[in-house]
Structures are given as structure tokens and as C-alpha cells.
Amino acid sequence: MYSLFKKEINTFFGSLIAYIVIIVFLLTSGLFLWVFPGNYNILINGYATLNGLFSLAPWLYLFLVPAITMRMFAEEKRQGTIETLLTKPINDFKLVLTKYLAALLLVVFSLLPTLLYFLSVYLLGNPVGNIDTGGTWGAFIGLFFLAAIYVAIGLFASAITDNQVVSFITALALSFVFYLGFEFIGRSGIPYLFENILTWLSINEHYLSISRGVVDLRDIFYFIGMAFLFLVFTKNAIRPARWGTLKTFLQNLKLPAIVIVLMIISLNFFYRIDLTADKRYSLADVSKSVLQELEYDIDVEFYLEGELRPELRRLQESVVEKIVDLNTWSTRRFRMQIIDPYSVTSSQGKRDSLFNQIFEKGIRPIDFRVNTEQGVVTKMIFPGAIIRYNNKEVALNFLQNNLSFSGEVNLNHSIENIEFEFINAFRKLMVSKKPVIAFLEGQGELNRYDVGDISNTLSNEFDLTRITIADLQQISENIQILIIAGPTLPFKEAEKFVIDQYIMQGGRIMWLIDPVQVSLDSLQNGYMTMAFPLDLNLNDQLFRYGVRLNYDLLQDVNCSMLRVNTALPGNPPNYTPQPWYYSPLLTPNDKHEISRNLNNIMSEFVSSIDTLSSEKIRKSIILSTSPNSRRIQAPSAVSLEMINMPPDRNLFNEQFIPTGVLIEGQFQSVFKNRIVTELNRSGKNVLQESKPTKMVVFSDASIIANSVDYMSGRPQIQRLGFDRVSGYTFANQELIVNAIHYLNDSEGIMQLRNRTIKLRLLDKIKIREEKGFWQRLNILLPILTVLIFGIVYNVLRKRRFGR
């Protein structure tokens, strides 16, 4: 075997065609990865990854591997040396295995120069080394197994003919059929059983997983099994006479049948290793639990398709990869359809109608510019999907838009949230009875128009109602979440008792309280008004639960703008935007799942919150001011004159003053050790300590309040968080929805929002300044390395045999 192995290696490296094949492979891959614009170009995409190589390599292997294997047996048959080989004291399978290992080694040799690509990306990373080493080496393992199957197929093609050209074409055709052909047929609408079989036979189905850096034991069994099958077929093909009788035919099929059975059995051995540094292809335990509960198949219509910029293409790939991971762990089938809205129809009218349908289903479009032959064109894309389950559907929007971060960071945050978006959507679709959210009224709270936008948003997955304290006392066990938004009248002790006992029973509350009252009417009619403390008789109750709302107003340099008439007396009005420090743009805590990756929150006349220590209570700050803020104690004057005074750094010197707090744990009743006979009208047992529960406290009711236009006669509800001056919509709605989800979450689904994926970018400055150098290096050096090796090898070989 060793002698034959050396003979094959020496024959390959001693021929000119070998070096031509390898150089063509390296030149093609180098040009696509470093020069030609397109999806594979590393420098244009700007990410520290070799995904372009691993996507391109299967297509280049379709030509490289048959070129290496085409002569292995075909040339032996043409020259008549095959009979000599078959008479050697070595069985047929060892003969085939020797040629197989030699061909595989040659393919690996052609792949070695591409390690320069890895080194280049490593050095071009920002910072240096900003490449996922584990995932990349896992993908190289995938390339090795892909080559293992291609080589086995190539050997089989070479064994059935004595013509190298026929062998090359046959190997190319067979490799393509196994790589994508079966998958194409499987997706043509055939019955589900045959679709599964053909998809499993497809090399691409298994290569996609391992090329991401995910080593799945079932994929390994597939690669080894398929390669072994073709080696067995090759062994039988080099002696055609063995197929002469039915008995020998059945005997020759015995071993392949055993291998196929073992491959089918291996499907039950589900074990995978995620080699990526961020474990980005691993699902959380709560995700696996939700997937195991699915009772029906999932249909996904994904609308992010077409001509996309690199960052949007990365989002598309991440969504598709996540669907593959979800399907891997699910007990039900995922059917995915990727739709390009521009390709569905050529009629502009029908296209506009389709766009409206997609928008009405809840997918938010974005505009982006595309360079075409006609110039720069603005196109509309839909970075979202429709999920269908059991005759119900829900829309997902994957792309976030946070003004505080760059485009790459925003996109990375969007990718981090993909798993949460899917799992949260599945849980919504699986719920048979909607949880109940109640808005408390009776103490001057915000009316139904003031909270109209958030109510419309929450109504898709919750039953909403408005109740009084008396109603709460009667049906408290049916209310999952209670929202107390902007009360203006003091609470009586009996009313506080009902709320307290609701909490003690495990009820969950969102408090949105204004500790300071400001008359906006007075401010609109003049340049000054007064801010007075608003005593709602809740201080002792909230204090017992672990928070204290302070009687102050916060000013912040990072604030909204206010249109003010700056025209001189006697001149026409001239309204210009001016900073309004009493309307801070609050900063969400990026380390908590409620507020992570959110844009700023619009507020007005917000106060500070203090938290108190307690053994059984855990507190988390989810909202605060910017690093440049200050407190104004109430009572105080609120005047428009302050817009004329630039902020003084010495005054705005307080950082991250809390304005939103999450409290979790077991709360002590504010009525503990008190006589409550007159307050306990229901006659129920008075609880002194709560069950484990949670509540959210905001020191500004305007966070949940949308603007309402009453001028048209019928109230027109504006989007929550919309700023009329800037025209931008802040993340008020997202914050409230996340807080509600967290309060209602008993499984830990919201923890998925804490997933972190490191942003791996290339150094744009280095690329701009040294682009030509890296292109020349990665195209010429691999080729020169092969040429130098060939020259040295043949000189040494000639000198050795010359002696």
C-alpha cells in the first residue's frame, strides 16, 4: 500500500497538469475572495470571517477534485496496467483505499495555501485577531469532509471508464447531483417522506452545518458513510465480472446495505459541538423546551431577499441559520420560503399592493440605496418574516434601529435578538388563552386614548381591560398584570390595601408615577409655571417594596427639542427647535434584558428613584439619565427662559440617575402588623409576605402616554414615543412591551435578549490604505508557493534518479 501510495503522489507532482489544476484553483478562489466584487469578497464585506471561502469552495471542488481523481483508475485501464495491479498481493479494497488516501492528500495539499487567507483576515481584524478561530477551524474540518466525499465519487467515476475526460465529466455530474441535485428535487413539492430522504442525501444539507463551525455527530456519520459507500462501489467496479450472476450481485450489495442501515441508525445519535467562540449556533435550554412543545408544523415566509448590502446579507444568513438550528431541535417540521417582493410580479400596481399587504401584516419596511447601471436607486426592503402555526400568524421584525449605535452595531444587536424573536413568537402562537392586563382607573389615571397606542400593540397577545379598585378586589386572581399609569388623586388606605394584597398573592404591577406635578397649560400660556410635589399617599407602600420616588425634577443635556417662537416683538412668528432640559432622553440599561439594545426613551418632567436594600428583594436599574444631568428640588419654577442658557458642566454633573427600576422577590406587606379589620372588606386571609413576584417602577407616566390629537373631532392617537419636532420615534413602546413580557415571563424567555455575539469587523482604514498589498499577497503568494514547491520537488527528484 505504501509503495502504491508513493507512486500516486510522485506521479501527480511529477506532471505539469497537477500544478495547473492547483494554480487555477488558487487563482480562482483568490480573485473571488480578494478582487472581484460580490458576495464572496472579504474586503468589500468588511467582516473578519472566511465565510466566502467556505461558500465558494464546494463549487471549486466540483472541478478541482475530478481533475485530481480522473486518472486514478481510468489511466490504469487505458494503459492496461490495471490487471497488473489486481494481481498484486493486496486485496481490492486496500488498492482502492490507497488511491483514495493519495487523492485526498493531494486535495488537502491544494487547500494548504488558503491558510494564508486566514492569516490575512487575522491581521486585518479590528483589533488584530478579531476572527472566530474556533468556528473557522471547524469550517476547515467541513471542507475536509466535503473533499472526502468528492474524492470517493471521483474515484468511482474513474473506475467505470478508461477515458479521463469521461471520468472528469461523470465525477462532476455525480458530485453536483449529490451536492445540490437531491435538494432541488426535494423542494419541488414532492411528498414529505421523499423530501426528507432526498434532503438527507444532499451533501449541502450536512456541509452547511459543519461549515459554520458546528460539528454534528450525524453529519460526521453521513460523510464517513457516503465516502465508504462510494469506495465499496469503486472496489466492485474495478472487477466488472463480479456482477455477472444474481448471487454475486446480492453479495456485493450486502455491505452497502449494512452501511446504509448504520447511517440511518446514526440519525438517532444527536450530539453536536458548537466550535464558535460565541456559541452562536447553540440554543438556550428555554428555547429547546419551547420547541419540544410544538404540536404543529411551522411555516416561515422570510422577505429579506434580493440585491442586498453586505450587512443586510449577513442578517439574512443569520436568520436562515437560526431557522436551521430551530428545525434541528424541534419535534415538528419548519418550512421556510424566502421571498423577494420585487421578483413576485413585474406589475408596479400588483407590487405596490403586495407591499401594502406585507406592511399591514406588521413588517416594517426600510429604504436603502442601490447602485445600478441607471444610477443610484432607492429600494424598499422588508427585513422581517411571517410565522404561521395552527392557522395563526405573527409578524417578526428583525432589524433594529438605535440612534445611539452605528449601523454595524445595530445590525449585530439585531442578530443577537433573532433567537428571542422566534421563541417569543412561538410562545405567542401556542398560547390558547391570552393573559389579562388591567389598567387601573379611578384615581385620575391616564385615559384609554392616552394609552391607546400601547394598548393596540399589547392587544395582539393580551386581553386588556380597565378596572377600578373594587373590581380588582373581586377578580384579582384573574389579572396577570396591573398597570397603574399616571394617577393624580391620592389613594385611600382601603385602596392601597387591595393593591397590596394583590401583590401578596403574586400579582405583578407596573407603576408609572409622577411624583411632581407640572401645569402644562400654564406653561403653554406663558413662559413659566410651577412644579409642586404630588402626594399620592403611596410613599410608604413603595418604600416597603424597596423604592422611593423623590420630589424632584431631572434636567439632562441629552434631551428633546421644543419649538419656541424666537422672533423679536413685532415680527412674524419664527418657531425654532431649542433644547428642553426637562424632557430627558433617558438611557436604557444595556445589561438587562428588558432594556438591552434599545434606543433612548422620551420623557418629560421625570423624577429620580432611590432603591433600598432588602434580603429577599433583587433590584435592577433599567432606565436612567445620561452622564450629564442634575436634580431640581420641588417646589420650583419651570421656565422657558432656560433655553437661552447653555448648560453648565459644573451644574449638570450627576451621572445615570435612576428613573426606572425592576424589583423581584418576596415583598413585605405594607400592612404587616397593622389592624386591617376595617380595610379587609372581602374577609379573605391577610397575607403578610408575598409569593415570589416582580414589579416595574417608572418615575414618569409620560413614558407610556402617546400624544392625542383632538382637533379633528375624533381623537387621533399618535405613535408612542413619537417626537413631533425631530420626527423620530423613540423606543418607549419597545421598553413597555419588553417590561410587560418580563413581568409575564415565567419560563425565562426574556433572558434570550441577553445573548451576546461579538462584532468581528475588519480594519477599514488599513483596508483603504493597503488594499492593493493584501490583494497581491493573497493571489500571488499561494501560487508562488506551489510553483516553488513544484520546481524544488522535481529538481530533487531528477537529481535523485540521475544518480
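Accessible areas, which come from the Shrake-Rupley method with a 1.4 Å probe, are the starting point of this tour through a predicted model. With the whole protein on display as a surface, you are looking at about 37,300 Å² of exposed area, of which carbon and sulfur atoms supply 57%.

Switch next to the C-alpha atoms, which fill a box of roughly 105 × 65 × 55 Å when it is taken along the principal axes. A cartoon view of the protein shows 26 helices and 29 strands. If you then colour the 803 residues by burial, buried residues make up 51% of them. Among the contacts with a separation of 6 or more, 77% are accounted for by residues 24 or more positions apart.

Now select the charges of the protein, 78 positive and 73 negative, whose mean positions are 11 Å apart.

For a closer look, select helix 18, which covers residues 407–416, and find serine 414 within that helix. Is serine 414 buried or exposed? Its relative accessible area is 1%, and because buried means under 20%, serine 414 counts as buried.

Keep serine 414 selected and add the residues around it: leaving aside its neighbours within four places in sequence, serine 414 is in contact with Leu315, Phe398, Leu399 and Gln400. Which atom of glutamine 400 does the side chain of serine 414 reach? The side chain of serine 414 reaches the backbone nitrogen of glutamine 400, at 2.8 Å, and a distance label drawn between the two residues is a suitable last stop.

Definitions and conventions. Residues are numbered from 1 along each chain as its sequence is written. This is a predicted model: local features need pLDDT of at least 70, side-chain atom pairs count only at pLDDT 80 or more; totals for chains, interfaces and linings use all residues. Side-chain values use heavy atoms; hydrogens and water are left out. Helices (H or I, at least four residues) and strands (E, at least two) are DSSP runs, numbered from the N terminus. Buried means under 20% relative accessible area, exposed over 50%, partly exposed in between (1.4 Å probe, protein chains only). Contact means heavy atoms within 4.5 Å. Lys and Arg count as positive and Asp and Glu as negative; His and the chain ends are not counted. The place of a charge is taken as NZ of Lys, CZ of Arg, CG of Asp or CD of Glu. A polar contact is a pair of N or O atoms within 3.5 Å; within protein, one must be able to donate a hydrogen and the other to accept it, and residues adjacent in sequence count only if both atoms are side-chain atoms.
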